[in-house]
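Q: How does one read a small structural model, feature by feature? Please take me through this one.

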Amino acid sequence: MATDKFQHATFYLTRQQVQEIKELAQKQQISRSALVRMIIREYLARQGEEKK
């Protein structure tokens, strides 16, 4: 269920993408979940730009 303040989206990642996220998170010294949130925000921003 989506509201004005929250939207839920499901993203499916390949095993290779998961491995790349793990490696990048380790190099950047941030948590994997924080990195995934950053990637999703960037993806959604790009999707928003394409719709304009």
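The dialogue below goes from the overall fold to single residues.

Q: What kind of model is this, and how many helices and strands does the chain have?
A: This is a predicted model. Secondary structure comes first: the chain has 2 helices and 0 strands.

Q: What share of the residues counts as buried?
A: Burial is read from relative accessible area, and buried means under 20%. Here 8% of the 52 residues of the chain count as buried. The exposed area of the chain is about 5300 Å², and 52% of that is supplied by carbon and sulfur atoms.

Q: How is the span of α1 compared with what is expected?
A: The distance from the first C-alpha to the last is set against a rise of 1.5 Å a residue. For α1, with 14 residues, the reach is 20 Å, close to the expected 20 Å.

Q: What follows α1, and what is the sign of its phi?
A: Backbone angles are worth checking where a helix gives way to a loop. Glutamine 29 comes after α1 and has a positive phi, near 60°. The residue is not a glycine, yet its phi is positive. Glutamine 29 sits in the loop between α1 and α2.

Q: Is glutamine 29 buried or exposed?
A: Exposed means over 50% relative accessible area. Glutamine 29 has 69%, so it counts as exposed.

Q: Which side chain has a polar atom 2.8 Å from the backbone nitrogen of threonine 14?
A: For a polar contact, the pair of N or O atoms has to be within 3.5 Å. In this model the side chain is that of glutamine 17, with a polar atom 2.8 Å from the backbone nitrogen of threonine 14. Glutamine 17 belongs to helix α1 and is partly exposed, at a relative accessible area of 33%.

Q: How far apart in space are leucine 24 and leucine 35?
A: Separation in sequence and separation in space are read together. These two leucines are 11 residues apart along the sequence, and their C-alpha atoms are 8.2 Å apart. Leucine 24 is part of helix α1, and its relative accessible area of 37% makes it partly exposed.

Q: Which residues does phenylalanine 11 contact, leaving aside its neighbours within four places in sequence?
A: Contacts beyond the sequence neighbours show what a residue packs against elsewhere. Phenylalanine 11 lies in the segment before α1 (15-28). With those neighbours set aside, it is in contact with Ile40, Tyr43 and Leu44. Isoleucine 40 is 29 residues away along the chain, while the C-alpha atoms of phenylalanine 11 and isoleucine 40 are 8.5 Å apart.

Q: Which residues make the nonpolar surface patch?
A: A residue can have such contacts and still contribute to the surface. Phe11, Tyr43 and Leu44 make a nonpolar patch of about 270 Å². Phenylalanine 11 is partly exposed, with a relative accessible area of 33%. Leucine 44, in helix α2, is also partly exposed, at 44%. Patch residues must have over 30% relative accessible area, so phenylalanine 11 at 33% and leucine 44 at 44% meet that cut-off.

Q: How many salt bridges are in the structure, and where?
A: The test is a side-chain nitrogen of Lys or Arg within 4 Å of a carboxyl oxygen of Asp or Glu. A search of the whole structure gives 1 salt bridge. Its partners are glutamate 42 and arginine 46, with an N to O distance of 2.5 Å. Both lie in helix α2 (residues 32-51), 4 residues apart, about one turn of the helix. Glutamate 42 is partly exposed, at 42% relative accessibility.

Technical notes: Residues are numbered from 1 along each chain as its sequence is written. This is a predicted model: local features need pLDDT of at least 70, side-chain atom pairs count only at pLDDT 80 or more; totals for chains, interfaces and linings use all residues. Side-chain values use heavy atoms; hydrogens and water are left out. Buried means under 20% relative accessible area, exposed over 50%, partly exposed in between (1.4 Å probe, protein chains only). Accessible areas come from the Shrake-Rupley method with a 1.4 Å probe; for residues, only the protein chains shown count as cover. Contact means heavy atoms within 4.5 Å. The expected span of a helix is 1.5 Å times one less than its number of residues. Patches are made of residues with over 30% relative accessible area and no salt bridge: like charges are joined within 9 Å, nonpolar side chains (Val, Leu, Ile, Met, Phe, Trp, Tyr) within 5 Å. A polar contact is a pair of N or O atoms within 3.5 Å; within protein, one must be able to donate a hydrogen and the other to accept it, and residues adjacent in sequence count only if both atoms are side-chain atoms.
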